[in-house]
Amino acid sequence: MRNGTGAIVVMATLKGGSGKSTAAACLAAHCQLGGLRTAMIDADPQASLLHWRDLGDPPVDLSIVAETSEEVAQRARNLARESEIVVIDTAGFRNRTMIEALSVADLAVIPIKASPLDISAAIDTVRLIEEVNATEERRPRPMNYRLLLTQVTVGSAVARHVRNELAQAGYVLFDAELANRVVYAEASLVGRMPIHLDARSAAARDGEAFAREVRHALGR
Ligand SMILES: Nc1ncnc2c1ncn2[C@@H]1O[C@H](COP(=O)(O)OP(=O)(O)OP(=O)(O)O)[C@@H](O)[C@H]1O
Ligand SMILES: [Mg+2]
């Protein structure tokens, strides 16, 4: 955290469809309902978060701005002056905007589908983060990063296998996982997240555990 300003969390993966936008919206919703002043930046030209918000009638009570250019770093710094947490959703590929967002991140979250095929994409993302951390600007203040297993099939051994492989290779994962649940799609249809539909549902508990770990990692 930069001198009393809010924390900046960036969702980063070099693979599409890994669950970034869902994890971003879920984190922001739980932080906001948990009492943190929360802002979101949609840095993906697909504008998934803006589309999601527009499906809500009324729109969900979350501040979301679009910034897909290299200005994203300055935008995030500005928002962090008036918010306690800024969550940035990025596109699923390496571009200048992603690197600029990482350049101001306090924490990078790397969502990864619990599939062996997604491991290499996660490792490439970690390499990119380490490149950013090695820059002159970030070397004195490297960002923290963790992998988040998403779309986990409850009761299957695959997620455990992926978790063990990554942990053995030295990667740090959130204990929390976002299980594969149809309620994400149902909630999205009405511009909401599972916590807005039923705060005691299994999906809302996943989100709560994830948000709690993020807040703990950021000291918030
Ligand atoms: N935990 C989950 N359970 C069920 N469906 C999920 C879950 N997480 C994501 N999905 C679904 O998977 C699809 C991809 O998720 P999402 O859009 O969050 O990924 P993304 O990484 O942002 O994709 P993109 O790279 O296209 O931006 C969406 O249809 C979303 O509703
Ligand atoms: Mg997305």
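In this predicted model, the largest nonpolar core holds 65 residues, and Leu27 and Ile88 are the ones with the most contacts inside it. Helix α1, which runs over residues 20–33, gives the most to this core, contributing eight residues. A general tendency is in keeping with such a grouping: in soluble globular proteins, nonpolar side chains tend to be buried together.

Leu27 is a useful place from which to look around. Once its neighbours within four places in sequence are left aside, Leu27 is in contact with Val9, Val87, Phe210, Ala211 and Val214. One of these partners, Val9, is found in strand β1, residues 7–11. Val9 has 29 C-beta neighbours inside 10 Å, and because 20 or more are enough for a residue to be called buried, Val9 counts as buried. Leaving aside its own neighbours within four places in sequence, Val9 is in contact with Leu27, Ile85, Val87, Ala105, Asp106, Leu107, Val109 and Val214. Val9 and Asn144, although 135 residues apart in sequence, are 9.7 Å apart in space when taken from C-alpha to C-alpha.

Helix α3, residues 72–82, offers another view of burial, with Val72, Arg75, Ala76, Leu79 and Ala80 as its buried residues. These residues cover an arc of only 135° around the axis, and therefore they lie on the same side of α3. The spacing can be read against a general property of helices: an α-helix has 3.6 residues a turn, so residues three or four places apart point the same way. Among the elements that cover the buried residues of α3 are β1, β2 (38–42), β4 (85–89) and α4 (96–103).

The surroundings of the ligand come next. Around ligand 1 there are 19 residues, of which Gly16, Lys20, Ser21, Thr22 and Gly92 come nearest. Helix α1, strand β6 (144–152) and helix α7 (183–189) each supply at least two residues of this shell. Sorted by class, the shell around ligand 1 consists of 13 polar, three nonpolar and three charged residues.

Stepping back to the whole chain, the protein has nine helices and seven strands. Its radius of gyration is 16 Å, close to the 17 Å that the globule rule gives for 220 residues, so the protein is as compact as a globular protein of that length. The C-alpha trace spans about 45 × 45 × 30 Å along its principal axes, and buried residues make up 45% of the 220 residues. Of the contacts with a separation of 6 or more, 77% are between residues 24 or more positions apart.

Methods: Residues numbered from 1 in each chain as written. Chains lettered and ligands numbered in written order. Predicted model: local features only at pLDDT ≥ 70, side-chain atom pairs only at ≥ 80, totals over all residues. Core = buried A, V, L, I, M, F, W, Y, C linked by C-beta atoms within 7 Å. Buried ≥ 20, exposed ≤ 12 C-beta atoms within 10 Å, placed from the backbone. Helix = DSSP H or I, 4+ residues; strand = E, 2+ residues; numbered from the N terminus. Contact = placed C-beta atoms within 7 Å. Near = placed C-beta within 6 Å. Nonpolar A, V, L, I, M, F, W, Y, C, P; charged D, E, K, R; others polar. Rg over C-alpha atoms; globule rule 2.2 N^0.38 Å. Arc of directions from axis to C-beta.
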